[in-house]
Number of protein chains: 4
Amino acid sequence: MPRPIILDCDPGHDDAISLILALSSDALDVLAVTTSAGNQTPDKTLNNALRVLTLLGRHDIAVAGGAPKPLARELIIADNVHGESGLDGPELPEPGFAPVTQSAIELMAEKVRACEQKVTLVPSGPLTNIALFLSAYPELHSRIDSIVLMGGAAGVGNWTPAAEFNIFVDPEAADMVFKSGLPIVMCGLDVTHQAQIMDEDIERIRAIDNPVAQCVAELLDFFMIYHRDPKWGFNGAPLHDPCTIAWLLAPELFTTVECWVGVETQGEHTQGMTVVDRYQLTGKPHNARVLFDIERQGFVDLIVRQLAQHSPR
Amino acid sequence: MPRPIILDCDPGHDDAISLILALSSDALDVLAVTTSAGNQTPDKTLNNALRVLTLLGRHDIAVAGGAPKPLARELIIADNVHGESGLDGPELPEPGFAPVTQSAIELMAEKVRACEQKVTLVPSGPLTNIALFLSAYPELHSRIDSIVLMGGAAGVGNWTPAAEFNIFVDPEAADMVFKSGLPIVMCGLDVTHQAQIMDEDIERIRAIDNPVAQCVAELLDFFMIYHRDPKWGFNGAPLHDPCTIAWLLAPELFTTVECWVGVETQGEHTQGMTVVDRYQLTGKPHNARVLFDIERQGFVDLIVRQLAQHSPR
Amino acid sequence: MPRPIILDCDPGHDDAISLILALSSDALDVLAVTTSAGNQTPDKTLNNALRVLTLLGRHDIAVAGGAPKPLARELIIADNVHGESGLDGPELPEPGFAPVTQSAIELMAEKVRACEQKVTLVPSGPLTNIALFLSAYPELHSRIDSIVLMGGAAGVGNWTPAAEFNIFVDPEAADMVFKSGLPIVMCGLDVTHQAQIMDEDIERIRAIDNPVAQCVAELLDFFMIYHRDPKWGFNGAPLHDPCTIAWLLAPELFTTVECWVGVETQGEHTQGMTVVDRYQLTGKPHNARVLFDIERQGFVDLIVRQLAQHSPR
Amino acid sequence: MPRPIILDCDPGHDDAISLILALSSDALDVLAVTTSAGNQTPDKTLNNALRVLTLLGRHDIAVAGGAPKPLARELIIADNVHGESGLDGPELPEPGFAPVTQSAIELMAEKVRACEQKVTLVPSGPLTNIALFLSAYPELHSRIDSIVLMGGAAGVGNWTPAAEFNIFVDPEAADMVFKSGLPIVMCGLDVTHQAQIMDEDIERIRAIDNPVAQCVAELLDFFMIYHRDPKWGFNGAPLHDPCTIAWLLAPELFTTVECWVGVETQGEHTQGMTVVDRYQLTGKPHNARVLFDIERQGFVDLIVRQLAQHSPR
Ligand SMILES: [Ca+2]
Ligand SMILES: [Ca+2]
Ligand SMILES: [Ca+2]
Ligand SMILES: [Ca+2]
């Protein structure tokens, strides 16, 4: 029986690839897609989710837009990374269907209530919607399997020296999620910076003969641009968000440590930092499984394998 | 046409009196009552709201319980003020009806959507539910007239030297509400500490011959105990929450100043403080009308007049 | 035997008047004058102290300049209040003598070591020098009688909604002083905003026939300008710094409460606030005597009486 | 001409070894040793410095004790690492001479003033004394070559998940030092955790036939105990403080990056963190050279070589 998941995303190049991977596998049952404001404005991330699902021909997936801005702060977007549309690069179809009329958290609640299995939430943007859902529907906590999120870092940040983008944008929401008591898997920069896709990997994807793989190759072409800046010391582009789906499909690719993780909402230089107690210095109980290492080649192979599913058989 | 309002409260002695006042006037149309965790645990404040409405014979009012705890912090309760039940003192009937099955914010959304007029929200507890409602239903902001809240202080606090209880309990929620851009009326300690009810006022209420007034007199008997501590320098007990209803019914009793108000969510000693820019030192635009003074005798007369409505005519 | 004091000031109009009052009384023995950066840049406040002492003919007083900036922050000055020179208004003589070659804290240490009595420190600017002195010379703490400072507020601030200027400029230093364990008398805005000098008071001073009183009248003429802004609701100009000397000469003019006072060094909106636990809500032990009320007429009479000392007899 | 340095330390095992290395080289001229409160209480760290210098027969070095506690916080000590005396393990001689009568910062000022060359400050404990010295003697900044300090981390902390001990103990002091504008070399945990001394290295030291090397071997025996906890993932014990001396003697052993470094004095989980902008995300100018990697074998060889200097030739 496939694992039921809800994707909450802000596409975003790596969100789009994550969405494509999730919908390429029989092991996962995508109950709904909700969108957060983050990589781009909420209208654009919603539109991008619809465009990707339209490309995949998955008009059957219920889609809802979420909160238009972080809980208590003004929206910050990452158009320097993702471009004007949030998905610059490939030619994507216009949306072939409309979002549901419910809000993101109402759609989540409906799907979680209706599902016989516990549902896994997979956020790959700021955690605004997830925090609101958990606060507004405490009676549904027992119906949630876990939260597998892309966000944070045990080491260095990517938006500020201390903070990763998704957590930085809405630290209050992240704080609420990490304090929720639900099982959390954190795919942070420690692992996603190892999940680099190289030029040769892109060519391998481009060689897959179907439009979905072509689109992914073009998304990666654009995503590469920002990450070629030598200051990062990268050889490729870190595929942040797809690490969540890779974890669900192939956890054996990762090494993990159970840790206490706190979210810094205060601080002059550290707002939005995930403080990861790797050495057990605080004495606080574990609240997250933190991914630290990935077998990169296996990760790339997994992506290639899933994208090949879209070719005619 | 009466003014439609939704009461979000944590009864609490002064919340109960506030509820009674609101339901004693033809000028107000109480669309719903929702409850927050604050003066007591969420199950008790919900139960207390039902008991007060049962006393009033108002089984027609839709009631819903809200979030079980503040957004990002553990719940703090004020049982030192309000006793074990949250409404210690009078003998109140057991609830004669049940809450609706919706959550507080779903009930708010339903009532606001259905109302032809703009609705006024009247929170008299921590702002958790209001913050969640505003975040989850941005499309309904335009249907809200204003938020008339009890909370905060321009001067000294009552729970910490800097903070008033309602804001201190959930400062992140308060921050979200004050940043919402909606019109806010802040009934803080500056005015509520002037809205003291004296022993002779209680006797005046006790002399009103109906069970509602009797209940209010007994609520006040108990509420007096905490406030007789000479450290406060009070002559009576400050009727915090009923100031919101008094403002709606008789704004001429108050003096007010339009100010910028910020909520301190950080700080070592100041968390939960409402920072009120009375002298326009920040240059930030006004976001709240702050009540500073009340004509106390008129306030007491108003209460007495409303309670007399419950006597047989 | 006169009480030995060291004045640490940032003249500044009210500092200058404070200095003049201190040097007009046989009850006080001014061991040294040190200057802090605050109302103006450190070179100007040092120069101003020398000019005032030159006017008074007190070349015998040892003067030293202190730290050029706050401990951990950039310097903020109040030239909007005190003008380009820091003492705009009267014609003051150029300095007729030079500061000592020691630093402020070395001069303080020398004077405290040499004094047979315990010494009272009287800061009327940011607390940078006092904090450094206390940290650098722990062995001299037992030689300090008390610290009588102008700074802070139990209620509303004057530089931000929450903070008074002297504490705001160097909150880390203030925090160190309030945590020092030494007896502290805090003359904050609560009392200094009552210590207003009115137009008629200035005329009374101008009628005193000596150059010192003339200078004070002219200082007050200029100082009035900033405080006439109706937003303050003042009738006159609050004579902040002279309250310290008035306390030393005539404590019976004041009402005071022993309180715990904490300095907020963090906070988004509250940095530099003195949090005064007037209602004993924190359970923390008293560390300061806070002045709350002043008998204004007595204060004005005291000033007039002291200024008359400078007239030929 | 040897490089003039002042060591400000809190011995501490690694401080002691650092002191020994500094006094073993003709390339360095130790003008003075001052002590800070940190690894142990101020009386013990002062006593330990005197004992180590007595062992070395260096009664000629001027020693002074510094501030008894951090600027604005209570003292935290690391007796879990360094034992009851702060130098548990070897039998050290009792002090054969006394500290000077000046305070630490007065001694620093005297030595810096008297030195013809610019002086390098080498703190290996909390930065309390250095911060006080810089604040109290701004006129001597131009006489300081640089500050080569052990403290902080670009990645994970050792006292809290975010903070290294020396910075955590007195973050306000560290903030003042990093903002001083003086050239700073930061030997943080990134490099010192690589500077591990292994069991075989200790045996190599023990084989050196002189009492100083014997003492170092015994210091290392004790220092190993704390670091054998498998949670650290160490093979040996990280020789934090001696990295400062190794940098002065053999900078070619290290790789470094010029970065902006900020000290977090606020934050719920991050106080005392050094925020290192390795990826130039803040746009703030460099204020420190941060050591990132060390050639470990070369480091050990250097120690062995210096300790052999103490053998009779
Ligand atoms: Ca994303
Ligand atoms: Ca209430
Ligand atoms: Ca002043
Ligand atoms: Ca050390």
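Over residues 5-300 of chain A, what share of the chain is helix, what share is strand, and how far apart are the end C-alpha atoms? In this predicted model, the stretch is 35% helix and 19% strand, with its end C-alpha atoms 22 Å apart. The range is taken from UniProt, where an unreviewed entry places the feature "domain: Inosine/uridine-preferring nucleoside hydrolase" at residues 5-300 of chain A.

From chain A we can turn to chain D and to the calcium ion (ligand 4), which is coordinated by D10(D), D15(D), S124(D) and D241(D) at 2.1 to 2.6 Å. The aspartates D10(D), D15(D) and D241(D) contribute OD atoms, D15(D) being listed twice, whereas S124(D) contributes its O atom. Read along the sequence, these donor residues follow the spacing D-x4-D-x108-S-x116-D. Because D15(D) belongs to helix α1 (residues 13-22) of chain D, while D241(D) sits in the loop between β8 (237-238) and α11 (242-249) of chain D, the pair ties together parts that are 226 residues apart in sequence. Both of these residues, D15(D) and D241(D), are buried, where buried stands for under 20% relative accessible area.

The relation between the two chains remains to be described. A turn of 180°, with a shift of 0.0 Å along the axis, lays chain A on chain D with an RMSD of 0.0 Å, and the two copies are thus related as by a two-fold rotation axis. Within chain A, the C-alpha nearest that axis is the one of G267(A), which lies 1.8 Å from it. The same surface serves both copies, in that 100% of the contact residues of chain A recur in chain D.

Definitions and conventions:
Residues are numbered from 1 along each chain as its sequence is written. Chains are lettered from A and ligands numbered from 1 in the order in which they are written. This is a predicted model: local features need pLDDT of at least 70, side-chain atom pairs count only at pLDDT 80 or more; totals for chains, interfaces and linings use all residues. Side-chain values use heavy atoms; hydrogens and water are left out. Donors are N, O and S atoms within 2.8 Å of the metal (3.2 Å for Na, K and Ca); water is not among the atoms, so sites may look incomplete. Helices (H or I, at least four residues) and strands (E, at least two) are DSSP runs, numbered from the N terminus. Buried means under 20% relative accessible area, exposed over 50%, partly exposed in between (1.4 Å probe, protein chains only). UniProt positions are given in the numbering used here, feature names are shortened, and annotations may be inferred rather than shown by experiment. Copies are superposed by least squares on the C-alpha atoms of residues with pLDDT of at least 70 in both. Contact means heavy atoms within 4.5 Å.
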